[in-house]
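Trainee: Could you take one part of this model and go through it closely with me? I'd like to start from a single charged residue and work outwards.

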Amino acid sequence: MFKKIILTTVSMLTLLSLAACGQSGETKDTSSDVRTLTDAQDHKVEVPNKPKRIIASYLEDYLVALDEKPVAQWTVGEGKIQHYLQDKLDGIPTINYDLPYEDVLKFEPDLLLIGSDGTLEGGKYKEYSKIAPTYVVKNGDGVTWREQLEDIAKVLGKEDKAKKVETDYDDLVKQTKTDLKDKIQGKSAAVLWVTNNSAFMVADNRSSGELIYKELGFEVPELTKEISEKATSDFSQVSLESLSQLDADYLFLVNSDTGAAMFKDPLWSNIPAVKNNHLYEFDGNSSWLYNGPIAYTKIVENIKDVLK
């Protein structure tokens with residue numbers, strides 16, 4: 001009887017010891033666990049807790065901000081990539097923007113993040129979901145970069161990191177408004193993109209327009225207001241004749257066509273901001289044409305640099 005009691009006691013102590021090891025998490029590998037999340041198109045998606053091979057075409061800004069690297073990065077056309085992210089994505093191979101099935105398969109992703117409903121037209125979701133868990137991120141008109149960041153952070157389990165990214169950005173904007181108070185208050189600005197000898201103006205509630213008007217507090221020129229009322233995308237084409245009447249104190253130019261004939265036209269020279277040497281130029285590789293926390297951070301830094 002005494003021997004039986006001793007054996008029972010030893011067995012119980014052994015079980016308790018094993019239970020303690022399990023609770024400490026030191027011996028339990030949960031890296032293959034999944035969570036079921038509902039995406040922007042109401043799909044129930046089994047998302048891996050720790051994805052290792054992510055494809056998130058045109059959402060790379062958000063991944064980098066969250067300290068993640070994709071297995072392939074967005075491209076459209078020869079050499080067209082998000083150059084402003086290359087300090088973090090240098091060497092990452094490219095995948096075409098429309099995500100051909102065979103290319104997606106080649107990279108063997110364990111998670112696909114889709115940033116546009118249009119990418120899935122023609123029943124593509126079913127095909128992608130056969131390759132890897134496919135999650136459609138919040139997108140469309142009225143969806144901000146913050147909402148997209150938070151949605152992606154939820155998928156990756158990095159909500160705290162997303163909050164810090166937003167706080168850091170808000171602090172930068174606040175400090176910039178303070179530092180440039182005399183250059184911003186009561187001053188108007190416009191953002192122009194020139195490509196293929198054509199000019200496009202950003203809408204006041206989209207992309208960099210949202211940033212300079214709503215967040216930094218520049219006033220909206222009348223021409224920008226007119227363009228914005230009919231805008232169906234971030235940038236809308238505008239004639240050189242209209243630009244010659246642009247009543248903006250500052251003109252931020254994203255120049256993807258340095259040899260454009262329009263720059264030699266007298267109408268261009270008569271734009272008030274150009275005439276007053278308040279034209280600030282950035283090349284087509286800058287972040288001004290993109291959305292996301294890193295893109296916006298770099299735009300604010302650009303504005304600080306030229307107006308300080």
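Mentor: Let's start with Arg-206, which counts as buried at 16% relative accessibility. Here "buried" means under 20% relative accessible area, "exposed" means over 50%, and "partly exposed" is in between, using a 1.4 Å probe and protein chains only. Before we go on, this is a predicted model, so local features need pLDDT of at least 70 and side-chain atom pairs count only at pLDDT 80 or more, while totals for chains, interfaces and linings use all residues. Residues are numbered from 1 along each chain as its sequence is written, and side-chain values use heavy atoms, with hydrogens and water left out.

So what does Arg-206 pair with? Its side chain meets that of Asp-234 in a salt bridge, 3.9 Å from N to O. Arg-206 sits in the loop between S9 and H9, and Asp-234 in the loop between H10 and strand S10 (235–238), so the bridge ties together parts 28 residues apart in sequence. Helices (H or I, at least four residues) and strands (E, at least two) are DSSP runs, numbered from the N terminus. A salt bridge needs a side-chain nitrogen of Lys or Arg within 4 Å of a carboxyl oxygen of Asp or Glu. Asp-234 is partly exposed, at 24% relative accessibility.

Now step along to helix H9 (residues 207–215), where seven of the nine residues are buried. Those seven are Ser-207, Ser-208, Gly-209, Leu-211, Ile-212, Tyr-213 and Glu-215. Among the elements covering them are H7, H14, helix H6 (145–156) and strands S8 (189–195) and S9 (198–202). Covering goes by contact, meaning heavy atoms within 4.5 Å. Just after H9, Gly-217 has a positive phi of about 95°. Glu-215 also belongs to a network of salt bridges with Arg-146, Glu-166 and Asp-170.

H7 and H14 are worth a visit too. The side chains of Asp-179 and Lys-304 meet in a salt bridge of 3.9 Å, N to O. Asp-179 is in helix H7 and Lys-304 in helix H14, so here the bridge links distant parts of the chain, 125 residues apart. Both ends are partly exposed: Asp-179 at 45% relative accessible area and Lys-304 at 25%. Compare that with Asp-168 and Lys-164, which meet in a salt bridge at 2.8 Å. They are four residues apart in helix H7, which means about one helical turn separates them. In the whole structure there are 13 salt bridges.

Rings join up as well: a search of the whole structure finds 17 aromatic pairs. Rings of Phe, Tyr and Trp (its six-membered ring) pair if their centres lie within 6.5 Å; planes under 30 degrees apart count as stacked, over 60 as edge-to-face, and the rest as tilted. Tyr-169 and Tyr-296 make a tilted pair, 6.4 Å centre to centre with 50° between the planes. Tyr-169 is in helix H7 (residues 159–179) and Tyr-296 in helix H14, 127 residues apart. Both tyrosines are buried.

H14 (residues 293–307) turns up again in the largest nonpolar core. Leu-113, Leu-192, Phe-218, Leu-243, Phe-252, Trp-268 and Ile-303 touch the most other members of that 93-residue core. Helix H14 gives the most to it, with seven residues. Such a core is a set of buried Ala, Val, Leu, Ile, Met, Phe, Trp, Tyr and Cys residues joined through side-chain atoms within 4.5 Å. Phe-218 and Phe-252 also belong to a ring cluster with Tyr-250, Tyr-280, Phe-282 and Trp-288.

One last contrast with our starting residue: Asp-61 is buried yet has no salt bridge, and the nearest side chain of opposite charge, Lys-298, is 8.8 Å away. For charge, Lys and Arg count as positive and Asp and Glu as negative; His and the chain ends are not counted. Asp-61 is found in helix H2 (residues 60–65). Residues it touches include Tyr-84, Leu-85 and Pro-293.

Methods: Lists of a residue's contacts leave out its neighbours within four places in sequence.
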